[in-house]
Every structure is written in C-alpha cells, then in structure tokens.
Amino acid sequence: MKVWADELLHEYGIHKKDLERRRDRLDRNDFHSKQDLTQINSMIESMNFSMEWLETGRQPGTFKGVDKKSIYQHQSFSNMDFIPDITEQLEEGPKQLYMTAEEKIILADIFASLTLRERQCYILHYAAGKSWSCIADELGVSKSRVQQAIIRAKKKISARVSQTD
C-alpha cells in the first residue's frame with residue numbers, strides 16, 4: 001500500500017544514486033570538476049535532508065521534539081489512504097459496522113502513533129490477511145523487518161488501547 005511519500009522517496013533514491021555515480025566519475029584534480037563536485041554534493045545533501053524528513057515526518061536535526069509545538073501535537077488525517085476500503089466486506093456480512101465520532105478519533109489517534117512502515121505492515125497483515133513474506137515482497141523489505149514492524153505496532157496499539165480504557 002504505497003502513498004505519495006513512498007513514491008517520492010523511491011524517485012529521490014533513484015536520482016540520488018545517479019548523482020552519486022556522476023560524482024564518483026568526476027576528475028577531482030580538474031578545476032571545473034571541483035565546481036561540479038561542490039554542486040553535486042550540495043544536491044545530494046539536500047536530497048538526504050528531504051528523504052529523512054519524508055521517512056520520519058519530522059524535521060531532520062531536531063531533537064526531543066523541539067520542532068513540534070502544541071498545535072501540531074495532535075495529528076489529523078484528512079486523507080485516510082492507510083485504511084483499506086472494506087465496504088464490500090461489510091455489505092456481504094450480516095452485521096452492520098458503525099463507529100461513533102469518538103471511536104473514529106480514537107482509531108485515528110492509534111494510527112497516528114504508528115510509523116508509516118508499522119501502519120502499512122499492520123494493516124496489510126491484519127486487515128488484508130497477507131503473510132509476512134507477501135508483505136515483505138510487496139514493500140521491498142526483509143521478512144524480519146515486517147515482523148518487527150508488526151510487533152512494534154501491536155505493542156503501541158495495546159498501550160494506546162489501555163490508555164483509553
């Protein structure tokens with residue numbers, strides 16, 4: 001389940017490798033090549049900064065939440081791309097699913113506490129019923145990373161649920 005940030009990260013990764021290859025081919029003794037080297041290194045550094053920001057959702061280089069102000073502490077999801085569409089399954093089943101506004105807020109809060117990778121792995125495993133190896137193939141990571149992400153997600157969810165009880 002890819003979102004726009006994953007696609008952008010993938011593109012940045014491809015272009016970063018291309019820049020690194022170009023940098024490695026430059027003659028470091030040539031004056032013009034040194035200028036190009038400076039420019040390419042600057043571009044690679046900017047890409048690394050942007051990629052880290054996209055991966056973590058936080059400004060790189062800030063520590064202990066100094067980049068977060070109280071207004072930003074509650075994350076709201078205007079786009080619920082990370083929750084799979086289960087409309088057909090609900091229509092087939094004998095039970096109607098209804099969530100109160102409070103339950104929706106709690107669910108969004110729980111998902112907000114997970115990293116993107118944890119959220120992807122957890123939903124693909126529990127909601128879509130996919131195996132760890134299938135998820136690993138789909139996301140392009142190792143099976144053990146999927147397993148770790150699901151275990152971390154389960155711990156975070158359990159902690160959040162116990163807080164709301």
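Asp18 is partly exposed, with a relative accessibility of 25%. In this predicted model, the side chain of Asp18 engages that of Arg22 in a salt bridge, with an N to O separation of 3.3 Å. Arg22 is likewise assigned to the partly exposed class, its relative accessible area being 46%. Both residues belong to helix α1, which spans residues 4–25, and because they are four residues apart, about one helical turn separates them.

The Asp18 and Arg22 pair belongs to a wider set of ionic contacts, as six salt bridges are present in the structure. A further salt bridge links Asp109 to Arg160, for which the closest N and O atoms lie 3.6 Å apart. Asp109 is located in helix α4 (residues 101–112) and Arg160 in helix α7 (residues 143–164); the pair therefore ties together parts that are 51 residues apart in sequence. With regard to solvent accessibility, Asp109 has a relative accessible area of 25% and is partly exposed. Arg160 is also partly exposed, with a value of 25%.

A salt bridge is formed as well between the side chains of Lys130 and Glu138, with an N to O distance of 2.6 Å. Lys130 shows a relative accessible area of 25% and is classed as partly exposed. For Glu138 the corresponding value is 35%, and this residue too is partly exposed. In addition, Glu118, Arg152 and Lys156 are joined into one network by salt bridges that share partners.

Polar interactions involving Asn41 were also examined. Asn41 is situated in helix α2, which comprises residues 31–56. Its relative accessibility of 31% places Asn41 in the partly exposed category, because that category covers values between the 20% limit for buried residues and the 50% limit for exposed residues. The side chain of Asn41 makes a polar contact of 3.4 Å with the side chain of Arg23. Asn41 and Glu20 are 21 residues apart in sequence, and their C-alpha atoms are separated by 8.4 Å in space. Arg23 and Glu20 both fall within the residue range 4–25 of helix α1, whereas Asn41 lies in helix α2.

Technical notes: Residues are numbered from 1 along each chain as its sequence is written. This is a predicted model: local features need pLDDT of at least 70, side-chain atom pairs count only at pLDDT 80 or more; totals for chains, interfaces and linings use all residues. Side-chain values use heavy atoms; hydrogens and water are left out. A salt bridge is a side-chain nitrogen of Lys or Arg within 4 Å of a carboxyl oxygen of Asp or Glu. Helices (H or I, at least four residues) and strands (E, at least two) are DSSP runs, numbered from the N terminus. Buried means under 20% relative accessible area, exposed over 50%, partly exposed in between (1.4 Å probe, protein chains only). A polar contact is a pair of N or O atoms within 3.5 Å; within protein, one must be able to donate a hydrogen and the other to accept it, and residues adjacent in sequence count only if both atoms are side-chain atoms.
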